[in-house]
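Trainee: I have a model open and would like to learn how to read its features. Could you take me through them?

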Amino acid sequence: MTRTLGSALLASLVVWQFPAAGSASSGRGAGGQQLVERQAYLMGTSVRLVAYDARREAGLNRLEGALRALEDTEQELSTWRADSDISVLNRTPVGTPWRASARLCRMFTDVLEWQQASGGAFDPAVGVLVGVWNIHEGGRIPSPSEVAFALGHAGSRWLDFDPLACTLTRRTEVTIDVGAFGKGEALDRAAVVLGDGAWMIDLGGQVSVNGRLPDGQSWTVEIADPVDRQRAVATLQLQSGSLSTSGGSERDMRVEGRRVGHILDPRTGLPASFNGSVSVWHQSGLVADMLSTALYVMGPDQGVRWATAQGVEAAFLIPDNGGVRIVGTPAFTRRLQPARAATAGAATFRESNEPE
Ligand code: AMP
Ligand code: MG
């Protein structure tokens with residue numbers, strides 16, 4: 001099925017809006033519910049937390065607790081911190097088991113399960129590859145022998161995970177990079193703290209929500225244009241779960257005249273060739289985060305087939321003749337609406353990857 005939308009350009013960043021957006025950080029909404037809001041900077045990005053609560057103080061306390069959960073997750077996962085759990089794992093001598101906390105044990109169970117299910121398109125053990133491409137610090141073009149070396153030191157096949165003992169053992173000098181799943185894990189932990197009720201967290205473009213606004217409406221999340229971030233292409237009504245988007249030219253780098261995408265194919269050692277964006281909605285923020293990365297690597301053709309078979313809700317935004325073509329799983333594209341501001345040009349929604 002094809003629907004034509006009035007829209008232009010491409011989307012990748014996620015922004016959100018709700019009726020009181022742009023108003024003061026706390027105000028009384030319908031039904032005596034107070035809107036409370038907190039903003040901070042962590043995990044190398046900005047975070048915005050919003051909740052409704054019958055009492056302002058209680059609402060602010062909940063946001064504070066959620067913020068602490070995000071900070072604690074960063075403390076455990078960040079490879080920028082030498083004392084984080086993941087940094088310790090990355091330094092543990094080859095062959096020596098590293099014991100994970102119960103929380104990290106659960107996280108690695110999910111992470112390694114999806115690494116397998118994605119056929120290695122998503123792989124947490126890409127640290128050495130990310131390093132030779134210098135993804136986190138501006139990018140560089142490695143020599144073929146550097147890529148070959150990194151490929152020999154990347155991939156979960158070099159990790160022995162014992163879920164009963166909760167240990168991970170590196171069998172060679174592989175390292176974990178949390179870039180593709182750390183934010184999702186943090187969002188899930190913050191969600192547990194916030195619990196029931198209406199709340200939203202936007203962590204650098206990945207949005208988790210819960211509940212309805214006091215007026216009964218859902219949260220409206222916009223999928224925005226990666227080239228022109230101010231332009232929304234589609235909107236989505238959400239009452240639960242998390243929307244993660246991978247891709248978007250703003251994170252790609254240019255080195256020696258060549259585009260170096262920040263998402264690598266762990267099987268080839270090269271940057272994924274797709275140059276649009278892919279958004280995934282999943283009940284779990286961790287899974288949404290991992291799978292937007294996995295699908296970006298797969299690209300639209302394989303990605304839509306794989307997501308449909310897995311029951312995963314996903315849509316690719318593909319640059320097309322100055323516009324954008326949206327190709328996704330039927331369950332997901334049915335939920336997308338054209339963004340109100342999207343008027344120029346023409347974008348096409350397709351529910352599968354079959355030719356038009
Ligand atoms: P995201 O923006 O969530 O798609 O994550 C991209 C980040 O994850 C990159 O900046 C790298 O740190 C890391 N990464 C890149 N490619 C992969 C991959 N195929 N699997 C897992 N992590 C990756
Ligand atoms: Mg991701």
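Trainee: Which backbone oxygen does the side chain of Arg 62 reach?

Mentor: Happy to start there, with one reminder: this is a predicted model. The side chain of Arg 62 reaches the backbone oxygen of Leu 194, at 3.0 Å. Arg 62 also makes a side-chain to side-chain polar contact with Asp 53, at 2.8 Å. Arg 62 itself belongs to helix H1, residues 56–77.

Trainee: Is Arg 62 buried or exposed?

Mentor: Here you need a cut-off: buried means under 20% relative accessible area. Arg 62 has 17% relative accessibility, so it counts as buried. Glu 313 can be read the same way: its relative accessible area is 16%, so Glu 313 is buried.

Trainee: With which side chain does Glu 313 make a polar contact?

Mentor: Look at Arg 335: its side chain and that of Glu 313 make a polar contact at 2.9 Å. Glu 313 lies in strand E19, residues 313–320.

Trainee: Let's turn to the metal. Which protein atoms are the donors of the magnesium ion, ligand 2?

Mentor: For a metal site, list the donor atoms, then see where their residues sit. The magnesium ion has Ala 180 (O), Asp 289 (O), Asp 289 (OD) and Thr 293 (OG1) as its protein donors, at 2.2 to 2.6 Å. Along the sequence, the spacing of the donor residues is A-x108-D-x3-T. Ala 180 is in the loop between strand E8 (167–170) and helix H6 (182–194), while Thr 293 is in helix H7 (residues 285–310), so this pair ties together parts 113 residues apart in sequence. Ala 180 and Thr 293 are both buried.

Trainee: And ligand 1? Which residues come nearest to it?

Mentor: For a bound molecule, begin with its shell. There are 18 residues around ligand 1, and those that come nearest are Ala 121, Asp 177, Ser 246, Leu 264 and Thr 293. You have already met Thr 293 as a donor residue of the magnesium ion. By type, the shell divides into nine nonpolar, five polar and four charged residues. Helix H7 gives the largest share of it, three residues.

Trainee: Which polar atoms of the protein lie by ligand 1, and what share of its area does the protein bury?

Mentor: Take the backbone before the side chains. A polar backbone atom of Leu 264 is 2.7 Å from a nitrogen atom of ligand 1. Among the side chains, His 136 has a polar atom 3.3 Å from an oxygen atom of the ligand, and an N or O atom of His 262 is 3.4 Å from an oxygen atom of ligand 1. As for area, ligand 1 taken alone exposes 500 Å², and the protein buries 98% of that.

Trainee: Why can ligand 1 be said to lie between domain 1 and domain 2?

Mentor: Check which domains supply the shell. Domain 1 (3–17 + 217–351) and domain 2 (85–170) both give residues to it, so ligand 1 lies between them.

Trainee: How should I read phi, and which residues here deserve a look?

Mentor: The general idea is that most residues other than glycine have a negative phi. Met 43 has a positive phi, near 50°, and sits in the loop between strand E4 (34–42) and strand E5 (45–53). Glu 256 also has a positive phi, about 45°, although it is not a glycine. Its loop runs between strand E14 (253–255) and strand E15 (258–260). With a relative accessible area of 72%, Glu 256 is exposed.

Trainee: One last topic, distances across the chain. How far apart in space are Arg 267 and Gly 119?

Mentor: Compare separation along the chain with separation in space. Arg 267 and Gly 119 are 148 residues apart along the chain, and their C-alpha atoms are separated by 9.2 Å. Arg 267 is in the loop between strand E16 (264–265) and E17, and is partly exposed at 39% relative accessibility. Asn 275 offers another case: its C-alpha atom is 7.3 Å from that of Gly 248, 27 residues apart along the chain. The loop that holds Asn 275 lies between strand E17 (270–271) and strand E18 (277–282), and at 46% relative accessibility Asn 275 counts as partly exposed.

Methods:
Residues are numbered from 1 along each chain as its sequence is written. Chains are lettered from A and ligands numbered from 1 in the order in which they are written. This is a predicted model: local features need pLDDT of at least 70, side-chain atom pairs count only at pLDDT 80 or more; totals for chains, interfaces and linings use all residues. Side-chain values use heavy atoms; hydrogens and water are left out. Donors are N, O and S atoms within 2.8 Å of the metal (3.2 Å for Na, K and Ca); water is not among the atoms, so sites may look incomplete. Helices (H or I, at least four residues) and strands (E, at least two) are DSSP runs, numbered from the N terminus. Buried means under 20% relative accessible area, exposed over 50%, partly exposed in between (1.4 Å probe, protein chains only). A residue is near a molecule or strand if one of its heavy atoms lies within 4 Å of it. A polar contact is a pair of N or O atoms within 3.5 Å; within protein, one must be able to donate a hydrogen and the other to accept it, and residues adjacent in sequence count only if both atoms are side-chain atoms. Accessible areas come from the Shrake-Rupley method with a 1.4 Å probe; for residues, only the protein chains shown count as cover. Ala, Val, Leu, Ile, Met, Phe, Trp, Tyr, Cys and Pro count as nonpolar, Asp, Glu, Lys and Arg as charged, and the others, Gly among them, as polar. Domain bounds come from an automatic or database domain assignment.
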